[in-house]
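Hello,

Here is the structure I promised to pass on to you. Have a look at it first, and then read on for what I found in it.

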Amino acid sequence: MYKLLIADDELQIRNIIRKYAEFSGYSVSEAENGMQAVALAKEESPDAIILDIMMPELDGFSACREIRRFSDVPILMLSARGEEYDKINGFEIGADDYIVKPFSPRELMLRVDAVIRRSNKNHQAENEREVYSFSGLTADVSARMVFINGEKAELSPKEYDLLFYMIRNKGIALSREKLITDVWGYDFYGDDRTLDTHIKLLRKSLGEYSSFIVTLRGMGYRFDAPNEK
């Protein structure tokens, strides 16, 4: 049974999510502020965390940063605000997904299922040594590390997932729908801005090698790089 931590200062929201989560077979813990969320994340090691952004004592962004200091647990951010700035901020600090209120509880649980499946696959892959090198860019999939000209790059969890997936499919045209489905693990819901935002952040992280990610206008993206050394 997977463990889900729900952190939201609104009792009604927590009750709704708990109802759907328990129906889906999850055990559930609750926090009503960010400080409690960080403490429970340490104590209980949940399989996924749902974090509301606007919470007392410690907001969701700050709580996410604290949790990322000791855990790579999948984190889904909840917010009443859907501005691109807030989404980028969430992704940059390590959130795996961003859901805008009001939301569909069924869709939320599909996304929780998806990030857990993806996390499990990544952990299984860590047991197999898999390293790719292109010019000054090195991606150590098994160690979940990326180096640029010998310097370790700091990527968010989803940036790692996206880069590794594109590298494994080097030279192949990848549609937005396929990237969303295979990297996020859930059916495409029509908001391709989530993908585009992560591509923008990933290119920023890759610095001089950002050109390895090629935009296919009206279609998606492709990873193009010189042959491996």
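Of the 229 residues of the protein, 52% count as buried. Please keep in mind while you read that this is a predicted model. As for the surface, the protein exposes about 11,000 Å², and 48% of that area is supplied by carbon and sulfur atoms.

On the overall fold, you will find eight helices and twelve strands in the protein. The radius of gyration is 18 Å, close to the 17 Å given by the globule rule for 229 residues, so the protein is as compact as a globular protein of that length. The C-alpha trace spans about 55 × 35 × 30 Å along its principal axes. Contacts tell us something about the fold too: if you take those between residues at least 6 apart in sequence, 58% join residues at least 24 apart.

Now to the strands. As you know, strands of a sheet pair through backbone hydrogen bonds, either parallel or antiparallel. Both kinds turn up here, and I will take the parallel case before the other one.

Five strands make an open sheet with parallel pairing, and their order is β2-β1-β3-β4-β5. At its edges sit β2 (27–31) and β5 (97–100), each of which pairs on one side only. From one strand to the next, the twist averages 20°. If you would like to look at one pair within this sheet, try β3 (residues 48–52) and β4 (residues 75–79), which pair in the parallel sense over four bridges. A good place to begin is Asp52, whose bridge partner in β4 is Leu78.

Further along the chain you will come to the antiparallel pairing, where β12 (residues 220–223) has two partners to look at. One of them is β10 (residues 174–175), which pairs with β12 in the antiparallel sense over two bridges; here Leu174 has Tyr221 of β12 as its bridge partner. Strand β11 (residues 213–216) also pairs with β12 in the antiparallel sense, over four bridges. In that pairing, Val214 has Arg222 of β12 as its bridge partner.

Which residue takes a positive phi in the hairpin of β11 and β12? That is Gly218, with a phi near 75°, and the hairpin has three residues between the strands.

I hope this gives you a comfortable start with the model. Do write back once you have had time to look around.

Best wishes

How values were computed: Residues numbered from 1 in each chain as written. Predicted model: local features only at pLDDT ≥ 70, side-chain atom pairs only at ≥ 80, totals over all residues. Heavy atoms only, no water. Pairing = 2+ DSSP bridges. Axes fitted to C-alpha atoms, helices over the stretch in contact; angles between N-to-C directions. Rg over C-alpha atoms; globule rule 2.2 N^0.38 Å. Buried < 20%, exposed > 50% of the residue type's maximum accessible area, 1.4 Å probe, protein only. Contact = heavy atoms within 4.5 Å. Areas by Shrake-Rupley, 256 points an atom, 1.4 Å probe, with all protein chains shown as cover.
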